[in-house]
Amino acid sequence: MIIIENVAVATVDAAGTEFPDGHVVVGDDGRIVAVGAGRSELAGDRVDGTGCLVTPGLVNTHHHLYQWATRGLALDETLFGWLTTLYPIWGRLDAEIVGAAAGAGLGWLALSGCTTSMDHHYVFPRDGGDVLAAEIEAARSIGLRFHPTRGSMDLSRKDGGLPPDHVVEDTDEALAATEAAIDRWHDPSPDSMLRIAVAPCSPFSVTTRLMEEAAVLARRRGVRLHTHLAETDDEEEFCLKQFGCTPVEYAERVGWLGDDVWLAHGVHLDDSAIAKLGATGTGVAHCPSSNARLGTGAARVRELIDHGVPVGLGVDGAASQEVSHLGAELRQALYTARQRGGPKAMDAREALRLGTIGGARCLGRQDDIGSIEPGKLADLVMWRLDGLGHDGIDDRVAALVFGPPARVDLALVGGRRVVERGELVNADADTLTAAARRAHRRLMATS
Ligand SMILES: [Zn+2]
């Protein structure tokens, strides 16, 4: 049993319960036993949280871990310009590069307060080896809860899509490989550390048949669906030209609206699109830093939340947002909402909800993670807030969200320590850095 005490606690439960001086008790089964004010009478391994705030672990709802190997490129491009610059480089990915990039990306996410991450991997070069296995091994070695998606692209330039021919797969092969990934790895249990989702890449890189059959496959196997949607004006133009409808109308047409679907970005949505997402319970992975880096626009998050859309936060791939820090995304989400809608558009607690229970809803894990409540999995982060950057901001949740990115003093995933005193427990950051550096150099040298 682990007892964290002398600590501020933001439970992020439905009532928004907080304890300025409280405790959290974690059982040996990896679940939360108790949370409350003052000290606990129970016996166990006591952790003094003086000067810290405990929150649910953050949930990252959109990422491309392989992109850690291609950071800092195409720095001033639109999405389509950025993609066409990077596709040829990504075409040379292999399992070793993806494993090293995923190790670095997931290690960095853990240090930024993330305890559960998804990954959207959609580049499978023919001779690249088992890239999905490589990133799954990386997540195991760091200790994060992982929701990798088996992505795919089957619409290349010669057929009117954006990616070059050599990075796309045959439609039937992509579907078969996706089902094989579910067979091999998907664990539907409540304690699951690994769930697979089905994730064709985007309307401009995937055929309509792949979108439709992916939805059928996911529902037959009881797994979730994810894709990029409504990220840019260029994508909207592409959909109007190719399909005669907006991206959300296209998603509806191919069976992609529902409470088992979450979509990355959702930046360019009109009122009717937002209403459709809300009515169907379709989730949105809001990636405000990536949207700002690529200059794609600012999502209408206030309206999405008001329409009941499950909204989570995502750092998006490290090549479109080199910070890739999930803790920092709390503030970016709040700033983005306020730039659109003024100072009342979002407060610190709502930003924290997006980063925790909102993300859990997108991944279908709201019964297991996303809030600190007895019986839920002990995925917790203890943030240090008594240093120069935060001390004096009495509202601890405001200090976390409005202040600079806080150091993670302790991160637990299912009660197991993943970060302690700002360091990874199961991996060495310098080793991850060196492996990622080698991967980047090898990838860039083979051009
Ligand atoms: Zn993305």
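So, which side chains meet in a salt bridge at 2.8 Å, N to O? Keep that one in mind while I set the scene.

Okay, hi everyone. What you're looking at is a predicted model. The domain assignment splits the chain in two: domain 2 covers 58–362, while domain 1 comes in two pieces, 2–56 and 370–424. If you take the centres over C-alpha atoms, 29 Å lie between the two domains.

Let's talk about how these domains touch. On the domain 1 side, 32 residues are in contact, and they meet 30 residues of domain 2. Together the two domains bury about 2400 Å², and 67% of that is on carbon and sulfur atoms. Have a look at V401, F402 and L424: these residues supply 22% of the area that domain 1 buries against domain 2, and no other three residues give more.

There's a polar side to the story as well. Between domain 1 and domain 2 we count four salt bridges. We also find five residue pairs in polar contact across that interface, with both residues at pLDDT 80 or more. And back to my opening puzzle: the salt bridge at 2.8 Å joins the side chains of R145 and D379.

Now, the metal. Which residues hold the zinc ion as protein donors? They're H62, H64 and H228, each through NE2, plus D316 through OD. Those donors sit 2.0 to 2.5 Å from the zinc ion. Along the chain, the spacing reads H-x1-H-x163-H-x87-D. Zoom in on the start of that pattern, and you'll see that H62 and H64 are both buried.

Last thing: why do we call the zinc arrangement irregular? Because the angles between the four donor atoms run from 88 to 175°. To count as tetrahedral, all angles would have to lie between 85 and 135 degrees. That's my tour, thanks for listening!

Terms used
Residues numbered from 1 in each chain as written. Predicted model: local features only at pLDDT ≥ 70, side-chain atom pairs only at ≥ 80, totals over all residues. Heavy atoms only, no water. Donors = N, O, S within 2.8 Å, 3.2 Å for Na, K, Ca; no water. Tetrahedral: all angles 85-135°; square planar, octahedral: opposite > 155°, others 65-115°. Buried < 20%, exposed > 50% of the residue type's maximum accessible area, 1.4 Å probe, protein only. Domains from an automatic or database assignment. Contact = heavy atoms within 4.5 Å. Buried area = accessible area lost by both parts, 1.4 Å probe. Polar contact = N/O pair within 3.5 Å; in protein donor to acceptor, adjacent residues only side chain to side chain.
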